[in-house]
Amino acid sequence: MLASIIRRSLFTAPQSNGVQEGYSMNSNSKELVITKLEQGLPAITPAFGAALAEACAVCLTDQDYIQGVELKVKGDFTAVFQLYWQEVTDQMMRCWNDSEYTTEQAAYGIAFLVIQELTDYTVIERSRRGTGFDYWLGKKSENNELPFQNAVRLEVSGIRKGDNSRVKARVKQKLEQVSPTDGTLPAYIVVVEFSNPLAFIVKK
């Protein structure tokens, strides 16, 4: 079952799944200004959002990218975003010297922005340890007094440099990770790879 989901997502065109469909041509690419994370989201304080934006900037600068580099979205969505980020300082490089941790935090930042752009959902709460997923998503237009109506699970993973097979393996791993809480609410799996900027999204 998992292998079937991944094969469908990696090698076939996206299908309508009841949420907003993406874009198929680079000429339709949109700008994704990563520093907007500093404005915060329902479950992301401005301070934490600023930290995520820094992590994104470090990961992208580490790959020698210039402003406007394209992030491709594949899987159950197809889209292209031009990325813009802040200047990276030596202090930021020292602060974010742990590559694995920085990549993980940067992946959160990219995932939050892309989910906001491509779906009707936003991040409304961090999940508790042991649930098998990272965050709860809720409708962007929903009354904040009823934050868990139509909630969706979100699991995110980051890879600083990896090929297609590694992305595929990570998606499979994350699909298995969220399986204990399957059967109640849908989930989005987002794997972000930074060396050939990619956000691979699977809806489960």
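This report covers strand β6 and the two largest pockets of a predicted model.

## Basis

The model is predicted: local features need pLDDT of at least 70, side-chain atom pairs count only at pLDDT 80 or more, and totals for chains, interfaces and linings use all residues. Residues are numbered from 1 along each chain as its sequence is written, and side-chain values use heavy atoms, without hydrogens and water.

## Strand β6

β6 (152-159) is a strand (a DSSP E run of at least two residues, numbered from the N terminus). Eight of its eight residues are buried, so β6 is largely enclosed by the rest of the structure; buried means under 20% relative accessible area with a 1.4 Å probe, protein chains only. Val152, Leu154, Val156 and Gly158 cover one face of β6, and Arg153, Glu155, Ser157 and Ile159 the other.

β6 pairs (at least two DSSP bridges) with β5 (residues 135-139), antiparallel over three bridges, and runs parallel to β7 (residues 187-193) with seven bridges. Leu154 stands opposite Tyr135 and has Tyr188 as its bridge partner in β7.

## Largest pocket

A pocket is an open set of points on a 1 Å grid over the protein atoms alone, where a 1.4 Å probe fits, with protein on both sides within 12 Å along at least five of seven lines; lining residues have an atom within 4 Å of a point. The largest has a volume (the space filled by probe spheres set on the points) of about 250 Å³. Its lining has 16 residues, with Glu104, Ser157, Gly158, Arg170 and Lys174 nearest the centre.

## Second largest pocket

This pocket has a volume of about 180 Å³. Its lining residues include Glu31, Lys36 and Gln116.

Note on methods:
Helix = DSSP H or I, 4+ residues; strand = E, 2+ residues; numbered from the N terminus. Buried < 20%, exposed > 50% of the residue type's maximum accessible area, 1.4 Å probe, protein only.
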